[in-house]
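Trainee: I'd like a close look at one part of this protein, with enough of the surroundings to place it. Could you walk me through it in one go?

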Amino acid sequence: MSTQPHLVPQPGRRRLDSITQRLRGCLRWWRTGSLWLLAVSLMVGTFALAGAATLTTAPPVYLTGWGSSGSGNGQFQFPNGIAMDSSGNVYVVDRNNHRIQKFDSNGGYLTGWGSSGSGNGQFRFPNGIAVDSSGNVYVADYSNHRIQKFTSDGTYLTGWGSQGDNNGQFQFPNGVGMDSSDNVYVADTFNHRIQKFDSNGGYLTKWGNQGSTNGQFDRPVGVAVDNNSNVYVTDTYNSRIQKFDSNGTYLTAWGMSGSGNGQFDNPYAVAVDSSSNVYIADFWNHRIQKFDSDGNYLIQWGSQGNSNGQFTSPSGVAVDSSGNIYVADYHNHRIQKFVPATAPGIVVLGNGVGIANGDSTPDPADHTDFGSVVVGSAVTRTFTISNTGTVTLTLTGSPPVALNGDSAFSVSSQPGTPIAAGQSAAFQIRFAPAASGVVTATVSIASNDNSANPYTFTIQGAATDPVDDTQYIFLPTVTR
């Protein structure tokens, strides 16, 4: 029996690899003659990445999660690979329980299959998983050095591979990816290469060997394919992502060891959405990073922990057709689901009634009509700004709520900003007329909601003169 190498990079080793990778990077920069940039890089302890400094969009929002440590249905012992079918079902590699579990898109348990062993349909520490266009499921059976193929309900169909370094053999295979023609790409981790097969295991081609130059790998783990058949590989111990065409021709690469934007500490799994955006499970940085197809950094989310939206070593990532993102949270023994951030949504309410953006017809029902107020007195109305979107709403004006119109109106209390998704903030407007007559003003609220920027509505109030008591003569009451 072969000895199983460490699937998960060990902390001491990852620090050593971090130093090694930095030295390799230094040599590469030295060879290109960029000596001045190298000096700066050494001083700050990192390298600059193109496009890595700016958060260009909002991260997705946590929706739900499921799982706990155990061996029952819906429980996990170190969930690893994760994949989606066209119906939105979720397949999870339950690594140390030596099985596959299938769920609906909200985590409802559907079925499971597998046990510890080397027979057909059995596993020894399975890792990667992928689903083809017909719903068939492919599993990288790590310590059995093979790929197994099943129906969507877990019926065994076929398998291929054995331990070795010849074509079609594996040394601890990890990630599995599919292209639109149902060709199968396997990260042959300890052979430091990618192998490509047809859907029945027929060998097609391979590329890669151990090293750190373009097209070489040091224990690749994840592999994914976009709609154009470009292949993305997590070159794990080189702390980078490499991109190839479907025949293994090198296209580009990005990343290096570190914790900054676009840097990695053992990049593990990779997934690609319908727009060819690339999602990386950054294992020891406890986060997911998102890039465009050329490696330009877009966003990240996650930190170490076990609260919603936190991770302890994410090991798998998948994206469904709606852009929802599923993450295998390895050491927390759970799956987390995130929805794409859409936009902030500003809505203003008065007296609990919504006020339409651009409303120019004040109404007592929503407090935009302050009613009749005697000159010299005042009335104050409270309004609420609600964020109905899934992204933080920021009020960008100074002040946040501005008035344009009669000076009888003033904002006596400004709202707080920013306003989290699903939350609200109140503000107050005071009407204190100094002269009689009907007066109006326009409320304007600037924000990062581009669909309603600024959000405006009209308010009005009627001022009346006080009663002049001196014009009345009160006669005494005469009693007979």
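Trainee: To start with, what percentage of the residues of the protein chain count as buried? After that, please zoom in on the sheet that holds β19 and β20.

Mentor: Of the 480 residues, 52% count as buried. Keep in mind that this is a predicted model, with a mean pLDDT of 88 for the protein chain and 85% of its residues at 70 or more. The stretch to treat with care is residues 9-56, where pLDDT stays under 50; the model has 58 contacts beyond four places in sequence for that stretch. As for the overall make-up, the protein chain has two helices and 33 strands. Take the contacts between residues at least 6 apart in sequence: 53% of them join residues at least 24 apart. The chain exposes about 20,300 Å², and carbon and sulfur atoms supply 48% of that area.

Now to your sheet. Four strands make it up, running in the order β18-β19-β20-β21, and the sheet is open with antiparallel pairing. The edges belong to β18 (267-272) and β21 (297-301); each has a single partner strand, so one side of each is left without a neighbour in the sheet. Ignoring direction, neighbouring strands here are turned by 20° against each other on average. In the middle of that order, β19 (residues 278-282) and β20 (residues 287-291) pair in the antiparallel sense over five bridges. If you want a spot to click on, try tyrosine 279, which stands opposite lysine 290 in β20.

Follow the chain out of β20 and you get to a charged contact. Lysine 243 forms a salt bridge with aspartate 294, with the closest N and O atoms 3.9 Å apart. Aspartate 294 sits in the loop between β20 and β21, while lysine 243 belongs to strand β16 (residues 240-244), so to speak a link between distant parts of the chain, 51 residues apart. Why does lysine 243 count as buried? Because its relative accessibility is 8%, and the cut-off for buried is under 20%.

That pair is part of a wider set, as a search of the whole structure finds nine salt bridges. Among them is the one between aspartate 141 and arginine 146, whose side chains meet at 2.7 Å, N to O; both of these residues are buried. Another is between arginine 219 and aspartate 218, the closest N and O atoms being 2.9 Å apart. Here too arginine 219 is buried, and so is aspartate 218.

For another bit of strand pairing, go along to β25 (residues 346-350), where the side chains alternate. Ile346, Val348 and Gly350 point to one face and are buried, whereas Val347 and Leu349 point to the other and are not. β25 pairs in the antiparallel sense with β28 (residues 379-387) over five bridges, and with β26 (residues 353-355) over three bridges, again antiparallel. Glycine 350 takes part in both pairings: its bridge partner in β28 is phenylalanine 383, and its bridge partner in β26 is valine 353. β25 and β26 form a hairpin with two residues between them, and asparagine 351 in the turn has a positive phi of about 60°.

Technical notes
Residues numbered from 1 in each chain as written. Predicted model: local features only at pLDDT ≥ 70, side-chain atom pairs only at ≥ 80, totals over all residues. Heavy atoms only, no water. Pairing = 2+ DSSP bridges. Axes fitted to C-alpha atoms, helices over the stretch in contact; angles between N-to-C directions. pLDDT = per-residue confidence, 0-100. Contact = heavy atoms within 4.5 Å. Buried < 20%, exposed > 50% of the residue type's maximum accessible area, 1.4 Å probe, protein only. Areas by Shrake-Rupley, 256 points an atom, 1.4 Å probe, with all protein chains shown as cover. Salt bridge = Lys/Arg side-chain N within 4 Å of Asp/Glu carboxyl O.
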